[in-house]
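Hi,

Here is the structure I promised to pass on. Have a look at it first, and my notes on what turned up follow underneath.

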Amino acid sequence: MSHALALHGVTKRYGNFVAVDRVSLDVAAGSFLTLLGPSGSGKTTILMAIAGFTVPDAGRILLDTKDITALPPEKRDFGMVFQGYALFPHMTVAENVAFPLRVRGMGRAEREDKVRAALDLVQLSALGDRRPQQLSGGQQQRVALARALVFDPALLLLDEPLSALDKKLRAELQEELRALHRRVGRTFVNVTHDQDEALSLSDQVAILNHGKLIQTGEPAALYERPATRFVADFLGKSNFLEATAEGGVLHLGGLDLAQADAPASGPVLLSLRPEKIALLADGETAANVAPGKILSWSYLGAGYSLVVDTPMGPLRASLPSWRAPIAPAEGLAVRLGWAADAAVAVAEDPA
Amino acid sequence: MNGGHGPGGGHGPGPFARGIAWATALYLLLPLSIVLPVSLTDQRFLSLPKHDISWQYYHNLFTSPLWLDAMAQSFWIACAATAIAVICGTLCAIGCWRLARRSTEVIRALMLLPLIIPSIVYAIGLYRYFAWAGLLDTFLGVALAHGVTGIPYVIVTVSTALAAFDPRLEQASRGMGASLRQTLAWVILPRIMPGIVSGGIFAFIHSWDELLIVLFIASRNVYTLPRRIWNGINENLDPTMAAVAVLLIGMTLALLLLDMALRRRREG
């Protein structure tokens, strides 16, 4: 059985510095929530408050309907995977995994069964007698997972669980973690600064900046409909068009913009993803067309990243490299085009 | 004396540096080395052997009830003092480490005072307090005095071990539901055990060869080995004292080697 978690107005100050500012969140039972933000955004402080290592100055934390704000960490029954894993170096892998069971005074036979099952779950059954120092980073990470799950915790907390691994291993373990979540069906709360990890792992992503919760939602919803400039910029790449609306038409750089849901008047900030901009062939047209010259470009394997100087300012566009219609070169004249629903109006972030 | 592994790299020490190093080493070791031949003397007073090597004073040492009693007293006092120093020192070091405030830094510095202030000043103070508490010339009194003055050794070694302890291990333990006692017993203590053992060994050695405090707070009942030697020197020049001295040195050396071996095993 899994549990739901709710945060109501959680605030934490360190002196004059507000690390977490009135954050409210709901995590549905059995879902995978990721707290995403740059360093100093308060995401780790929130996780530590959920774990009980940090007591909030204001606000409440509820597990289902029970207030756990003041409950010490050892009474919360939450599994946690620490940054760097925090495996006990003086114990074997099996002893590490058995630790939470030993703490609960479980009998030896039952303990051994559970440890075996937990090590099976992370495919490490053969390594129970090793010391953590003898394992690779990825294996240590799995031991930490087994140890955090072996006692059927109410919640699993993950503090940057993949940050110590190299890129390829990280991608592998992302998939494993996702599969593990499906298999055990518990509520997971993950902290990361890696946007790819957040998008690929989570059911829900909460984006934080300067201690404030900026936006929550499913990964696709956040990516496609970012609420503010920060969200659009932090999740993936984005062009920002600072246009002005007059009588239902948007103007920027002497050009008119066709934009769905445009306001009637006033300044409008648009976020336009590079992959939604197409390179137009001769004679081809689109709802929005901007002529320009390539300022700079780079080859990324799967595609090219172009920066094109247009009357609207420099725009970043991506171009698949497979059978690309042009050979990018600096100074090359191109025409960019995008649909009326490609860009999204976003708000400026409060300072 | 690390010959030539200094920052100069590759260059050995000059003859002058080498000479000074050897002179210093000899200066430290010669007074110790003299007791070994003296303890094997065939004469009836403290002197070097004249005609033959004799084990009579070792025989005397291990048959005389006076010396055996002093040895036993010293040993049990050292054990009790070590227990006091290890328990108090370890708990104090862990407490300071966990709280880690400016006030705990002051406490830690205060606990090192017995190392810093002259023993004789400490002994005079102890004499006054123990007279008032009725602890003069008792086993408990001497064990307490040695235990308390042994605490700094334990605090230093345990604090050093704790500085290398990853605080996330404690968080992990608590996060998995361990009480403070379980965390202490299963996570913190095993990690800092080498530091505790080291401190215990030093505390034992400290008590084992401590004389000054004993001179002040003991009279008829409590006779530790160093005090027996001291009185022996004042009263007569019995070569048995040299045999005792060899025994003291041997015990201390054995403990230091044990400490080194434990350290090597931990690092290796």
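Let's start where the two chains meet. The axes of helix α2 of chain A (residues 93-103) and helix α9 of chain B (residues 180-208) come within 12 Å, crossing at roughly 155°. An angle over 145° counts as roughly antiparallel, so that is what α2(A) and α9(B) are to each other. The crossing in which α2(A) passes α9(B) is right-handed. Keep in mind that this is a predicted model.

If you want to click on the residues involved, A:Phe99, A:Arg102 and A:Val103 are the ones in α2(A), and they meet B:Gln182, B:Trp186 and B:Val187 in α9(B).

How much of α2(A) is covered? Mostly: eight of its 11 residues are buried. The buried ones are A:Val93, A:Asn96, A:Val97, A:Ala98, A:Phe99, A:Pro100, A:Leu101 and A:Val103. So A:Phe99 and A:Val103 turn up twice, being buried and also among the residues that meet α9(B). What do the buried residues of α2(A) pack against? In chain A they have α3 (108-121) and α4 (137-149), and in chain B they have α8 and α9. Just after α2(A) comes A:Gly105, which takes a positive phi of about 70°.

Now for chain B as a whole. It has 12 helices and zero strands, so reading from the N terminus you get α after α to the end. Along the principal axes, its C-alpha atoms fill a box of roughly 75 × 60 × 30 Å. Chain B has 268 residues, of which 41% count as buried. If you take its contacts with a separation of 6 or more, residues 24 or more positions apart account for 70% of them.

Next, the aromatics. With ring centres required to lie within 6.5 Å, there are 12 aromatic pairs over all chains. One of them is A:Phe230 with A:Phe234, a stacked pair at 5.4 Å centre to centre with 15° between the planes. Both residues lie in helix α8 of chain A (residues 229-234), four residues apart, or about one turn of the helix. An α-helix has 3.6 residues a turn, so residues three or four places apart point the same way. Are these two rings buried or exposed? The cut-off for buried is under 20% relative accessibility, so A:Phe230 counts as buried at 15%, and A:Phe234 does as well at 19%.

Chain B has a pair with another geometry: the ring centres of B:Trp97 and B:Phe165 are 5.3 Å apart and the planes stand at 80°, so this pair is edge-to-face. It links distant parts of the chain, with B:Trp97 in helix α3 (residues 65-99) and B:Phe165 in the loop between α7 (139-163) and α8 (167-175), 68 residues apart. B:Phe165 has 5% relative accessibility and therefore counts as buried.

Also in chain B, one aromatic cluster is made up of B:Phe75, B:Trp76, B:Phe204 and B:Trp208.

Last item: B:Tyr223 and its two arginines. The charged end of B:Arg227 sits over the B:Tyr223 ring, 4.1 Å from the ring centre. The charged end of B:Arg228 sits over that ring too, at 3.9 Å from its centre.

Cheers

Definitions and conventions
Residues are numbered from 1 along each chain as its sequence is written. Chains are lettered from A and ligands numbered from 1 in the order in which they are written. This is a predicted model: local features need pLDDT of at least 70, side-chain atom pairs count only at pLDDT 80 or more; totals for chains, interfaces and linings use all residues. Side-chain values use heavy atoms; hydrogens and water are left out. Rings of Phe, Tyr and Trp (its six-membered ring) pair if their centres lie within 6.5 Å; planes under 30 degrees apart count as stacked, over 60 as edge-to-face and the rest as tilted. Helices (H or I, at least four residues) and strands (E, at least two) are DSSP runs, numbered from the N terminus. Buried means under 20% relative accessible area, exposed over 50%, partly exposed in between (1.4 Å probe, protein chains only). A charge sits over a ring if NZ of Lys or CZ of Arg is within 6 Å of the ring centre and within 35 degrees of the ring normal. Axes are lines fitted to C-alpha atoms, for helices over the stretch in contact, and angles run from 0 to 180 degrees between N-to-C directions. Angles under 35 degrees count as roughly parallel, over 145 as roughly antiparallel, 65 to 115 as roughly perpendicular and the rest as oblique. A crossing is left-handed if the near helix is turned anticlockwise from the far one by less than a right angle, and right-handed if clockwise. Contact means heavy atoms within 4.5 Å.
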